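Got your viewer open and a selection box ready? Here is a short walk through the model, one stop at a time.

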There are 2 protein chains.
Amino acid sequence: MASINELSVAALEARLAELQTEYNAFCEKGLHLDMSRGKPGADLLKLAPGLLDCVNEQSGYLAENGFDTRNYGILDGIPEAKKLFADIFGVSPDNVIVGGSSSLNLMFDYIATAYAKGICGNEPWVKQGACKFLCPVPGYDRHFAVTEYFGLEMINVPLKDGGPDMDLVEDLVKDPLVKGMWCVPMYANPTGLTYTDETVRRLAALKPAAADFRLMWDNAYCLHHLSDDQDTLLNIFDAAKEVNNEDIVVSFTSTSKVSFPGSGVAAIAASANNIADIKKRMTVQTIGFDKINMLRHVRYFKNLDGIKAQMKLRADVLRPKFETVLRLLNERLGGKDVAAWTNPRGGYFISVDLCDGCATRVATLMKDAGVVITGAGATFPYHKDPRDRNLRLAPSYPPVEELELSATLFCICAEMAAIEKKLGK
Amino acid sequence: MASINELSVAALEARLAELQTEYNAFCEKGLHLDMSRGKPGADLLKLAPGLLDCVNEQSGYLAENGFDTRNYGILDGIPEAKKLFADIFGVSPDNVIVGGSSSLNLMFDYIATAYAKGICGNEPWVKQGACKFLCPVPGYDRHFAVTEYFGLEMINVPLKDGGPDMDLVEDLVKDPLVKGMWCVPMYANPTGLTYTDETVRRLAALKPAAADFRLMWDNAYCLHHLSDDQDTLLNIFDAAKEVNNEDIVVSFTSTSKVSFPGSGVAAIAASANNIADIKKRMTVQTIGFDKINMLRHVRYFKNLDGIKAQMKLRADVLRPKFETVLRLLNERLGGKDVAAWTNPRGGYFISVDLCDGCATRVATLMKDAGVVITGAGATFPYHKDPRDRNLRLAPSYPPVEELELSATLFCICAEMAAIEKKLGK
């Protein structure tokens, strides 16, 4: 298809009129659709049917160390759950803490501790002055909300093909007030891209001026391939060990998109120093996390292979959803210079860069036609996309028929907005 | 029996020798017993056998509002869980947030927020100077650990028969740096006593100098009667409403000792202002708590009456344990002026005041004979019991036969320590 940059004003006006007609037809459908949330659809939730029956009177409540999971005790997780997450993270069980159901909560607590109490013997950030945090963009709005909540100044770091712009990162960490960086290193939210080995090595080898600088390594999608054509991520703990820099990273993951969001199990992996430091706080913070739910998960999935088999079932449901959206983007926008989008091999999102200044307009057009998408700006700190061009599409929740409609509408709106812009409307 | 104050030195020496013989015999048994933790025994854990089977493929996953509890969404709890806790607290469901499995974690988060971010628009405590917290003593070590963690200066407030010394409290809250007070108002940990209506009214009517002063109302034992002979606690929310002072209190409870410790459900009750303030933080902090576990609990217990029926079953198991310890205390120490103890109608503990300076000695004697009890000083801030006399006995975990042994040994040790003290040894 022709690039809009090659069309005459008259041709653009004509095309806009066509699109407007198509758009109006959509508005008349009275749609109420949602492509905003990275949440599993009903078709995904039903893929672990026996999970909730794994712990009861018949099967018993004992962890493998003989501990009754129904009682108080064990702060950092039952041994078999630590082992399972250790295998997921690629670390030793000693480097794992198994938590409650929300990895975001574990991340919030980590930042909250660094802010209010200090980590590993360092001064609390609240007492160190105006601390800053590096935010690869586009990124995950919930990460940005946590650092914004604690008043940390967020610095945008552009994502390149291989991950964050490392020259910039290496320069920024010379500032002792730069305290950390959010990373979704695999199938990133929202781009779906995976950091290259070189990026991981450079991150693992960072020598920040701040002793309490931490990579917040949110490996939420480490198992979330869409097919057998998979990305691989270098193990950052191995890379950090090679350069004697193991304290620089704290990693998080959860089974939110393996079993059930909100009722899964979340975990932390970190160096011995960081684990000991986190446990010191946890001893005061809680009487411990839900060990019955840990036992349930281990009994159902058994081991890493069991989890991988589950992820294959889920990929079979997710793949057609991604394919639907990507097909429509290609068919309707390919070659038009109206948008660029990612083609992820895993994760939960497709990231679309529209023409500059078009994201807010497209989100509004969509909303007016009855389809909610993640708001413009959401993928940037302070909800400020400097070019107002990025939108995140989340194909996981709606059924394929709905995605056909939503994605078609999205393409119409994207082209409309680009032409409007071009015409100075 | 004769008071040790009426015995001659020779009689005391003779009695001490007898006790030493008894004590030595205990040591030779090679005991490994534990009367330290307020945790349910195996006999209590088996009282909710079907709870974990309440939510599965057969029964379905939908909350009463049609929401699939297996997915993201609903920050403050499913409606039926809010209703159940509202009935427990005696408030409206709008005044309830249902959390994860640990009420201690909810309390920690509340204090952490007040410290680092400020509550209800007030300056964070960390920026207000050396803040202080009132601690009724003896009290719960985990409360004290939270306030100590955040560097709040803890001020002891003696517990009288009707609750904390209110004249003292009313005086102390004139200091704008006094920011709150820990309260276990019913069947308190460790005394087992319940605040009188007058105490609750005076607390509800407090006019502290600090706008961000809060009563941390840990109603952990609100349903935990030992028999039909029950204490009643005035509803502090009603009392506060009468004097237009509803923001002064934030209340917490959990099913840790109703269903399963660590795998139960915890909740907060508070005024509309406080609830809105807490939710603002929670929006950033977590993707939400385990709704499947909430649903499980509501389906199993159904309503407040269901919970009360469960607590009756538990009382039947707990009562003989308490009776065993109290009988031995009476039989072996009654009239000797060696110790005074509480005779609670609910809760999980018996509090013993030994002769001054004897608590550490008794805990050591017990430990040397193979029986762990809660450490001396644990019931006071900074682990400093100014008179070194209070010990907490926890009869819930061991079976009755073990309690016979442990409590007998305790009585021997208490009398030994008192006589040693008297003799200046």
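A word on vocabulary before the first click: buried means under 20% relative accessible area, exposed means over 50%, and partly exposed is in between (1.4 Å probe, protein chains only). This is a predicted model, where local features need pLDDT of at least 70 and side-chain atom pairs count only at pLDDT 80 or more, while totals for chains, interfaces and linings use all residues. Residues are numbered from 1 along each chain as its sequence is written, chains are lettered from A and ligands numbered from 1 in the order in which they are written, and side-chain values use heavy atoms, with hydrogens and water left out.

**Stop one: helix 1 of chain A**

Select Arg15(A) and Glu18(A) and show their side chains. They meet in a salt bridge at 2.7 Å, N to O (a side-chain nitrogen of Lys or Arg within 4 Å of a carboxyl oxygen of Asp or Glu). Both residues sit in helix 1 (residues 9–28) of chain A, 3 residues apart, or about one turn of the helix. Helices (H or I, at least four residues) and strands (E, at least two) are DSSP runs, numbered from the N terminus. Arg15(A) has a relative accessible area of 19%, so it counts as buried; Glu18(A), at 47%, is partly exposed. Now add Lys336(A) and Glu415(A) to the selection: together with Arg15(A) and Glu18(A), they are linked in a network of salt bridges.

**Stop two: long-range pairs in chain B**

Over all chains, the structure holds 50 salt bridges. Go next to Glu22(B) and Arg332(B), whose side chains form one at 2.7 Å, N to O. Glu22(B) belongs to helix 1 (residues 9–28) of chain B and Arg332(B) to helix 11 (residues 304–333) of chain B, so this pair ties together parts that are 310 residues apart in sequence. Glu22(B) is partly exposed at 28% relative accessible area, and Arg332(B) is buried at 18%.

Then pick Arg345(B) and Asp231(B), another salt bridge at 2.7 Å, N to O. Here the partners come from loops: Arg345(B) from the one between strand 10 (339–341) and strand 11 (350–354) of chain B, Asp231(B) from the one between strand 7 (214–218) and helix 8 (236–242) of chain B, so the pair joins parts 114 residues apart in sequence. Is Asp231(B) buried or exposed? At 13% relative accessibility, Asp231(B) counts as buried, while Arg345(B) is partly exposed at 33%.

**Stop three: the nonpolar cores**

Hide the charged side chains and select Leu215(A) and Leu215(B). These two have the most contacts inside the largest nonpolar core, which has 253 residues. A nonpolar core is a set of buried Ala, Val, Leu, Ile, Met, Phe, Trp, Tyr and Cys residues joined through side-chain atoms within 4.5 Å. Helix 13 (residues 400–422) of chain B gives the most to this core, with 12 residues.

Zoom in on Leu215(A). Not counting residues up to four places away in sequence, its contacts (heavy atoms within 4.5 Å) include Met181(A), Cys183(A), Leu203(A) and Ile236(A). For a second, separate core of 58 residues, select Met366(A), Leu393(A), Leu403(A) and Ile419(A), which are among its members.

**Stop four: two buried residues in chain B**

Click Ala266(B), in strand 9 (residues 266–270) of chain B. Ala266(B) is buried, at 0% relative accessibility. Measure across to Gly100(B): the two are 166 residues apart in sequence and 5.7 Å apart in space, C-alpha to C-alpha. Leaving aside neighbours within four places in sequence, Ala266(B) also touches Ile97(B), Leu106(B) and Thr253(B), among others.

Now move to His297(B), in helix 10 of chain B. His297(B) is buried too, with a relative accessible area of 3%. Beyond four places in sequence, the residues in contact with His297(B) include Leu51(B), Thr255(B) and Lys302(B).

**Last stop: where the chains meet**

Color by chain and select the contact, which takes 55 residues from chain B and 56 residues from chain A. About 4,800 Å² is buried between them, with carbon and sulfur atoms giving 54%; buried area is the accessible area (1.4 Å probe) that two parts lose on being put together, summed over both. How many salt bridges are there between chain B and chain A? The count is 0. On the chain B side, helix 4 (103–116), helix 5 (141–149), helix 9 (272–285) and helix 10 (291–301) each give two or more residues, and helix 4 of chain B supplies the largest share, 7 residues.
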